[in-house]
Amino acid sequence: MPKGSNQKRKLMVLARFLLKHSDEEHPVTLGQLQEELERWNAPAERKSIYDDMEQLRQLGLDVQTRRGVGGGWFIGEREFELAELKLLVDAVQSSRFLTQKKSNALIHKLESLASVYQARQLQRQVYVDRRIKTMNESIFYNVDRLHGAIGANQVITFRYFEVNMAKQRVYRRGGALYRVTPYGLIWDNENYYLAGWDHTKEEVRHYRVDKMAEIQRTGERGKDREGWDLEGYTRRHFGMYAGRPCQLRLRCASSLAGVFLDRFGQDIMLVPQDEERFTVTLDLVVSPPFWGWLFGLGAQVEVLSPTWAVEEFRQRLAQVRAIYDMAKTQEE
């Protein structure tokens, strides 16, 4: 083998071996490196390996040396720190829109960015959170297809479905194709949503990506966004449910200040009424999940306006109470 080709092979073999088998707590020895080079039919003497380590440093690999007993060479700084990889593994594993099969495949790729010893720590992370995962493998590819359509500002078509009690797909609009200009993707409550202009309804709507089927790019230019704000749209739609938009004014116990700032952001204005209460006005779309969240706060929150929202909440509370009053009567 020509000397130049042998040198190129040596550097690649050494770099891959160091990345996979070394870290600060597990340096590799000269003997281990020579054995690996022999396995790839690229034997090397001691001095040449020292030269190779220096070349790898010049090429940008953070090759560190530790002298003495238990010493050797190891990779110091990597593209991703171990703590960063743990965060990414947790995000992948806890994401409901990914199937367990796809989660495992992505985690395996993330493990390849660490040494084999660090990868064991990532493997332990995998089993911390056993959340329900989607069964729809196509969502992974749908997201990529939608990103392409958003970047090209092209109209897409798709069919949209729900799942019935028999766990079968039931297509909305009688199975007719939706025509939508995609504006942006939203990750909310561990689900992916597409927000965009619905050309049939002539308004901005959003759709669960895992419930979209047969997504196709039409090549037709999409409707201009005209200053449409993705962040504002997401903030107004509680739990990504449709509902009635309004400026909702609430009176809350002072102890809930942190709860509201965490949920609606630091930009909302909390107006003190006294030492025990404050009022807040929220620009949002009132929906069933919002009322459920508000109910969980109990008597610490009072809806002040608009009038129709006060009445709607009162009616919902009365409907729930009626169910339990009826059950109590039947028991008696």
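Where is the place of Arg 173? Arg 173 sits in the loop between β4, residues 169-171, and β5, residues 178-188, and I begin there since the backbone of this residue deserves a look. I should say at once that what we have on the screen is a predicted model, and everything that follows should be heard with that in mind.

Arg 173 is not a glycine, and yet its phi is positive, near 55°. On the surface question, Arg 173 is partly exposed, with a relative accessible area of 30%. Arg 173 also turns up in the surroundings of another residue, Asp 198, which belongs to strand β6 and which, once neighbours within four places in sequence are left aside, is in contact with Arg 173, Tyr 178, Arg 179, Val 180, Glu 203, Arg 205 and Tyr 207. Asp 198 has a relative accessible area of 0%, and since the cut-off for calling a residue buried is under 20%, Asp 198 counts as buried.

There is a second residue with a backbone of this kind, namely Glu 214, whose phi is positive at about 60° although the residue is not a glycine. Glu 214, however, is placed within a strand, β8, which covers residues 212-221. Its relative accessible area is 46%, which makes Glu 214 partly exposed.

Let me turn to the pocket. The largest pocket in the model has a volume of about 680 Å³, and 25 residues line it, with Tyr 160, His 206, Met 240, Tyr 241 and Ala 242 lying nearest its centre. If we ask which elements give two or more residues to that lining, they are β3, residues 154-163, together with β5, β6, residues 191-198, and β7, residues 203-208. Of the contributors, β7 gives the most, with six residues. Sorted by class, the lining of the largest pocket comprises eleven nonpolar, six polar and eight charged residues.

Met 240, which is among the residues nearest the centre of that pocket, leads us to Thr 234, because Thr 234 touches Ile 186 and Met 240 when residues up to four places away in sequence are not counted. Thr 234 lies in helix α8, residues 230-236, and is partly exposed, with a relative accessible area of 22%. For a sense of distance, the C-alpha atoms of Thr 234 and Ala 44 are separated by 59 Å, the two residues being 190 apart along the chain.

The last part of the talk concerns a sheet. Four strands form it, in the order β10-β11-β9-β12, and the sheet is open, with antiparallel pairing. Its edge strands are β10, residues 270-272, and β12, residues 301-305, each of which pairs on one side only. On average, neighbouring strands of this sheet are turned by 30° against each other, if direction is ignored. As a reminder, strands of a sheet pair through backbone hydrogen bonds, either parallel or antiparallel.

Going through the pairs in turn, β10 and β11 run antiparallel and are joined by three bridges, one of the bridge partnerships being that of Pro 272 with Phe 278 in β11. A hairpin of four residues makes the connection from β10 to β11. Between β9 and β11, again antiparallel, there are ten bridges, whereas four bridges join β9, residues 244-253, to β12, likewise in antiparallel fashion. Which residue in β11 is the bridge partner of Arg 251? That partner is Thr 279, while in β12 the bridge partner of Arg 251 is Glu 302.

How enclosed is β11 by the rest of the structure? Seven of its ten residues are buried, so β11 is largely enclosed. Helix α9, residues 257-264, lies across β9, β10, β11 and β12, and runs at about 25° to β11, which spans residues 277-286.

I close with a detail just past the edge strand β12, where the peptide bond from Ser 305 to Pro 306 is cis, with omega near 0°. Pro 306 itself is in the loop between β12 and α11, the latter covering residues 307-331. As this is a predicted model, I would leave the description there and take questions.

Notes
Residues numbered from 1 in each chain as written. Predicted model: local features only at pLDDT ≥ 70, side-chain atom pairs only at ≥ 80, totals over all residues. Heavy atoms only, no water. Pairing = 2+ DSSP bridges. Axes fitted to C-alpha atoms, helices over the stretch in contact; angles between N-to-C directions. Contact = heavy atoms within 4.5 Å. Buried < 20%, exposed > 50% of the residue type's maximum accessible area, 1.4 Å probe, protein only. 1 Å grid on protein atoms, 1.4 Å probe; cavity = no way out; pocket = protein on both sides within 12 Å on 5 of 7 lines; lining within 4 Å. Points joined across faces, edges and corners; volume = space filled by probe spheres on them. Nonpolar A, V, L, I, M, F, W, Y, C, P; charged D, E, K, R; others polar.
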